[in-house]
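Work through the exercises below in order. Try each task before you read its solution.

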Amino acid sequence: MVAGAVLGTGYGCFLAVDQALATQVLPDEHSRGKDLGIMNIASVVPQAIGPMIGALIVTAAGGFWALFIASGVIATLGALAVLPIRIAR
């Protein structure tokens, strides 16, 4: 319970700062609501389809080893995708 509270607090702080930073780097101040809505969809859709894809990987590979490898590859690709972002004004 304590770990859940600590992790939840940390994640909540991260999300608050992330949203604040996101609003600062959006190009058009008049369409920020639309842009934040698109960012929310981009955040929620993977959480909805991820378990289905994960189940397919575990079933096809006969174990969780392939899921861990796929997760590592996807996390690495995600980290590489944000490397070109240099600075927020």
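A helix here is a DSSP run of H or I with at least four residues, and helices are numbered from the N terminus. Arg86 falls in the segment after helix 3, which covers 65–81. Keep in mind that the model is predicted.

**Exercise 1. Describe the fold and the overall spread of the protein.**

Solution.
Step 1: Count the elements. The protein has three helices and zero strands.
Step 2: Read them in order. The pattern along the sequence is α-α-α.
Step 3: Test the spread. The radius of gyration is 17 Å, well over the 12 Å from the globule rule for 89 residues, so the protein is more spread out than a compact globule.
Step 4: Add the box. Along the principal axes, the C-alpha atoms fill roughly 50 × 35 × 25 Å.

**Exercise 2. Describe the surface and the charges of the protein.**

Solution.
Step 1: Take the buried share. Of the 89 residues, 10% are buried.
Step 2: Take the surface. The accessible area is about 7,200 Å². Carbon and sulfur atoms account for 74% of that area.
Step 3: Count the charges. There are 4 positive and 4 negative side chains. The centres of the two sets are 7 Å apart.

**Exercise 3. Trace how Thr23 and Leu36 link two helices.**

Solution.
Step 1: Place both residues. Thr23 sits in helix 1, residues 2–25. Leu36 sits in helix 2, residues 32–61.
Step 2: List the contacts of Thr23. Beyond four places in sequence, Thr23 touches Arg32 and Leu36.
Step 3: List the contacts of Leu36. With the neighbours within four places set aside, Leu36 meets Gln19, Ala22, Thr23 and Leu26.
Step 4: Check one distance. Leu36 and Leu26 are ten residues apart along the chain, and their C-alpha atoms are separated by 8.9 Å.
Step 5: Look at the side chain of Thr23. One of its polar atoms lies 2.7 Å from the backbone oxygen of Ala20.

**Exercise 4. Classify Leu36 and Arg86 as buried, partly exposed or exposed.**

Solution.
Step 1: Set the cut-offs. Buried means under 20% relative accessible area, and exposed means over 50%.
Step 2: Apply them to Leu36. Its relative accessible area is 23%, so Leu36 is partly exposed.
Step 3: Apply them to Arg86. Its relative accessible area is 74%, so Arg86 is exposed.
Step 4: Locate Arg86 against Gly72. The two are 14 residues apart in sequence, and their C-alpha atoms are 24 Å apart in space.

Conventions: Residues are numbered from 1 along each chain as its sequence is written. This is a predicted model: local features need pLDDT of at least 70, side-chain atom pairs count only at pLDDT 80 or more; totals for chains, interfaces and linings use all residues. Side-chain values use heavy atoms; hydrogens and water are left out. The radius of gyration is taken over C-alpha atoms; the globule rule is 2.2 Å times the number of residues to the power 0.38. Buried means under 20% relative accessible area, exposed over 50%, partly exposed in between (1.4 Å probe, protein chains only). Accessible areas come from the Shrake-Rupley method with a 1.4 Å probe; for residues, only the protein chains shown count as cover. Lys and Arg count as positive and Asp and Glu as negative; His and the chain ends are not counted. The place of a charge is taken as NZ of Lys, CZ of Arg, CG of Asp or CD of Glu. A polar contact is a pair of N or O atoms within 3.5 Å; within protein, one must be able to donate a hydrogen and the other to accept it, and residues adjacent in sequence count only if both atoms are side-chain atoms. Contact means heavy atoms within 4.5 Å.
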